[in-house]
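Hi,

Here is the structure I promised to pass on to you. Please have it open while you read the notes underneath.

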Amino acid sequence: MSSMRLASLAVLSCVGCEFFAGTNEPWPLEASTGGETTAPDTNPVGDVCPTTTLGHKPHTRIANLKFQGYKANGTSVIAPQGDLATISLCDYFNPNGKNGNYKLLHLTGAARWCGPCSVETSGISGYDGTRNGPGIAANLAPLGVVFLQVVFESEKFGTPATVNDLQIWMTGHQSNFASVIDPGPTALHDFTDAHILPINVDIDLRSMEILNATTGASPSLEDDLKGLLTTLSNTPPMKN
């Protein structure tokens with residue numbers, strides 16, 4: 001799978017932000033306020049999420065991380081208002097094709113202070129101040145690719161995101177995919193050794209196997225994901 005690993009961009013600066021994406025600053029220890037730990041460990045049709053071979057590297061399985069946020073409404077722009085919904089990775093688990101068309105989950109971690117995160121999010125939603133096309137999420141939804149974005153820091157480096165931060169981020173990017181706030185300081189932090197953003201994790205929804213775990217925004221994200229779909233079509237799911 002190494003040939004399919006998503007490319008990382010060089011460090012990009014964020015005008016007006018305290019830090020560059022790509023600094024070697026350690027992860028702050030402050031806990032986020034958006035945690036949710038009570039979601040079931042089954043998908044909507046009752047399949048139990050895997051609990052073996054869990055890890056943070058390719059060829060291990062991702063744990064059933066649980067969040068609070070706003071669910072997708074097809075590929076329509078989400079109005080981030082009202083009560084938060086519980087969203088877990090197991091919602092997308094699809095071992096036998098009975099849980100919708102889900103095939104591949106692109107999980108991405110972002111912060112409001114991060115310029116490259118904003119660029120990547122604009123590409124996924126298709127909005128960068130003006131509507132410049134359907135975006136990657138809408139283009140790939142019919143192919144079985146689903147997106148979930150975790151916003152875990154505010155506009156200030158090291159400050160956990162709040163619901164208000166999530167709403168500002170989603171509104172500014174006209175997000176049309178599920179978006180949540182981080183449940184704690186270790187939910188996605190284990191996928192990187194330094195504060196390099198965005199975090200991108202691609203998951204085979206047949207088995208919850210991690211295919212890629214990288215940092216940095218890929219300039220060819222849509223093609224990368226299409227390539228992973230091709231690989232999945234020719235590869236059996238990870239065995240227990």
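Below is what I found in the sheet and around it. Please keep in mind that this is a predicted model.

Let's start with the overall layout. The sheet is open and built from seven strands, with mixed pairing and the order E2-E1-E5-E4-E3-E6-E7. The edges are taken by strand E2 (85-88) and strand E7 (209-215); each has a single partner strand, so one side of each has no neighbour in the sheet. From one strand to the next, the twist averages 30°.

At the E2 end, strand E1 (residues 66-70) pairs with E2 in the antiparallel sense, over four bridges. If you zoom in there, you will see isoleucine 87 of E2 opposite phenylalanine 67. There is also a helix packed on the sheet: H1 (residues 115-125) touches strand E3 (104-111), strand E4 (145-153) and strand E6 (199-204). The direction of H1 makes about 145° with that of E3.

Now for the other edge. E6 and E7 are joined by six bridges and also pair in the antiparallel sense. Aspartate 202 has asparagine 212 in E7 as its bridge partner. The hairpin of these two strands, E6 and E7, has four residues between them, and in this hairpin methionine 208 takes a positive phi near 70°.

One last thing to look at: is E7 enclosed or open to its surroundings? Seven of its seven residues are buried, so E7 is largely enclosed by the rest of the structure, although it stands at an edge of the sheet.

Happy browsing, and best wishes!

Definitions and conventions. Residues numbered from 1 in each chain as written. Predicted model: local features only at pLDDT ≥ 70, side-chain atom pairs only at ≥ 80, totals over all residues. Heavy atoms only, no water. Pairing = 2+ DSSP bridges. Axes fitted to C-alpha atoms, helices over the stretch in contact; angles between N-to-C directions. Contact = heavy atoms within 4.5 Å. Buried < 20%, exposed > 50% of the residue type's maximum accessible area, 1.4 Å probe, protein only.
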